[in-house]
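Welcome! Open your viewer, get comfortable, and follow along one selection at a time.

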Amino acid sequence: MTTLTHAGDTLTRNALAVLQPGFDGTTAVPDWVRHRIDEGLASVSLFGRNVQTAEQVARLTAQLRAERDDLLIAIDEESGDVTRLEVRTGSSYPGNHALGAVDDTTLTREVAADLGRRLAACGINFNWAPSADVNANPDNPVIGVRSFGSDPDLVARHTAAYVEGMQSSGVATSAKHFPGHGDTAIDSHHSVPVIDVDRDVLNSRDLAPFRAALAAGTRAVMSAHVLAPALDPDNPGTLSRRILTGLLREEFGYEGLIVTDGMDMQAIAGTYGFERGCVLAIAAGADAICTGGGPSDEGTVLRLRDAFVAAVRSGELPEERLADAADRVRALAGWASMSGAAERSGGAPDTGIGLIGARRALTVTRGETYAAPVTEAPFVATFSPLPNIAVGDETPWGVTAELERRLPGTESATYSGEGSGSQALAAAGTRRIVAVVRDAHRHAWMADALQTLVAARPDTVVVEMGVPQSAPIGALHIATRGAARVCGEAAAEVIVAG
């Protein structure tokens with residue numbers, strides 16, 4: 001059935017206002033985006049596909065803001081492993097796990113403020129960060145180093161510091177993923193994870209950082225596509241009125257924006273259907289729909305617009321609920337427009353705070369057979385797991401580039417799966433080996449590869465760029481707690497200096 005809409009009517013404008021779509025391109029805003037902004041679209045989102053350089057992004061957002069000065073321009077820029085602004089080079093800032101390991105809230109606040117200034121200089125005024133998840137499950141495949149840690153109090157104080165720092169730069173934050181995605185062994189990009197603990201555990205552990213984020217004044221909270229039976233046995237957070245309205249709005253007293261995680265993720269789209277899931281999310285209490293990570297075309301926006309209009313007309317979605325959601329989006333856009341105006345007027349000089357933080361986050365363990373520093377071009381063996389969908393596979397990681405800069409002639413190869421250690425050993429020849437891993441504790445083949453290398457070559461240097469859950473191994477073991485570019489730089493400094 002075709003839904004008839006009229007571009008100027010209030011219902012259609014509200015239906016567009018709750019969407020945060022993405023689009024393709026780096027140099028010109030598509031005509032369809034301009035038309036939809038004119039018809040009521042209040043937000044757009046940027047992803048790695050829209051980014052080449054900071055200067056290019058600033059030109060692109062200037063085009064968007066020429067259509068609507070108070071447009072909300074969102075990005076998923078956690079820093080650390082999840083970066084869109086530096087998707088082609090790796091982040092200039094360490095991620096949450098590194099900052100949590102340092103446990104200096106002043107550093108976290110300064111890093112977030114510096115990143116916020118950089119985003120504001122690019123014309124971005126809404127960041128889908130920070131992750132407020134408590135990484136309670138060491139086997140978590142999607143959070144890991146994106147979390148400040150496994151201690152709720154630590155995560156809470158650093159979440160608050162991050163919110164304060166970034167919003168001081170005029171960029172709105174979105175604490176995620178409510179009510180918590182840390183105690184899961186399933187990635188919600190694939191299916192619906194279940195956090196099967198009682199309400200007391202949720203209160204003391206998972207919800208504590210979100211209460212801290214609210215107290216710090218976060219302008220937005222992002223929902224999780226996670227089922228928490230103690231809160232709602234039937235619906236995942238994003239679609240749960242008990243969680244979004246009953247808990248977050250009524251019990252916690254939160255009045256800011258509620259934005260969903262990506263609605264094209266299989267936990268929602270594959271279970272409830274894309275359009276249907278978006279309608280259910282708004283009905284449950286969400287205000288903004290994140291849609292642009294996957295589909296990024298005009299047809300998607302029109303289908304969702306029409307789905308909201310049809311749901312209102314059928315009585316499934318109360319019109320006042322859609323209007324309230326749209327008003328909250330516009331309110332945040334107004335705040336961000338006023339708060340970020342000064343920041344957009346100038347650039348964001350590099351303060352070097354990211355590298356300082358990455359250096360402080362390192363844990364260096366020298367083995368019993370500790371060897372001399374690496375002074376000649378080594379062989380870098382990177383053992384790479386399947387990419388985390390939230391992180392993506394576009395962003396380079398490791399230590400090869402930084403070692404090549406210091407030791408020209410450095411060679412490297414990437415390995416995966418059983419037998420990787422023997423393959424790397426054969427390829428290295430007589431050269432010193434630097435083995436780079438990510439979450440070795442979650443991958444038996446990776447741990448086996450390290451054992452193979454160290455047994456044959458005791459002078460092997462090991463760099464763990466994930467959560468350092470396994471015991472240190474190698475002549476020199478460096479835990480970076482993240483794979484940001486600055487983490488690789490900090491590790492390379494230690495490798496050549498000893």
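The tour begins at one helix and then moves on to pairs of charged side chains.

This is a predicted model, in which local features need pLDDT of at least 70, side-chain atom pairs count only at pLDDT 80 or more, and totals for chains, interfaces and linings use all residues. Residues are numbered from 1 along each chain as its sequence is written, and side-chain values use heavy atoms, leaving out hydrogens and water.

**Stop 1: helix α7.** Select residues 199-206, which form α7 (helices are DSSP runs of H or I, at least four residues, numbered from the N terminus). Here L202, R205 and D206 are buried (under 20% relative accessible area, with exposed over 50% and partly exposed in between; 1.4 Å probe, protein chains only). Look down the axis of α7: its buried residues fall within an arc of 90°, so they line one face of the helix (the arc is that of the directions from the helix axis to the C-beta atoms). Now add D198, which caps the N-terminal end of α7, with a side-chain oxygen 3.1 Å from the backbone nitrogen of D200.

**Stop 2: E251 and R199.** Select these two to see a salt bridge of 2.9 Å, N to O (a side-chain nitrogen of Lys or Arg within 4 Å of a carboxyl oxygen of Asp or Glu). The pair links distant parts of the chain, 52 residues apart, with E251 in α9 and R199 in α7.

**Stop 3: D114 and R117.** This salt bridge has its closest N and O atoms 3.1 Å apart. D114 is buried at 3% relative accessible area, while R117 is partly exposed at 33%.

Methods. Helix = DSSP H or I, 4+ residues; strand = E, 2+ residues; numbered from the N terminus. Polar contact = N/O pair within 3.5 Å; in protein donor to acceptor, adjacent residues only side chain to side chain.
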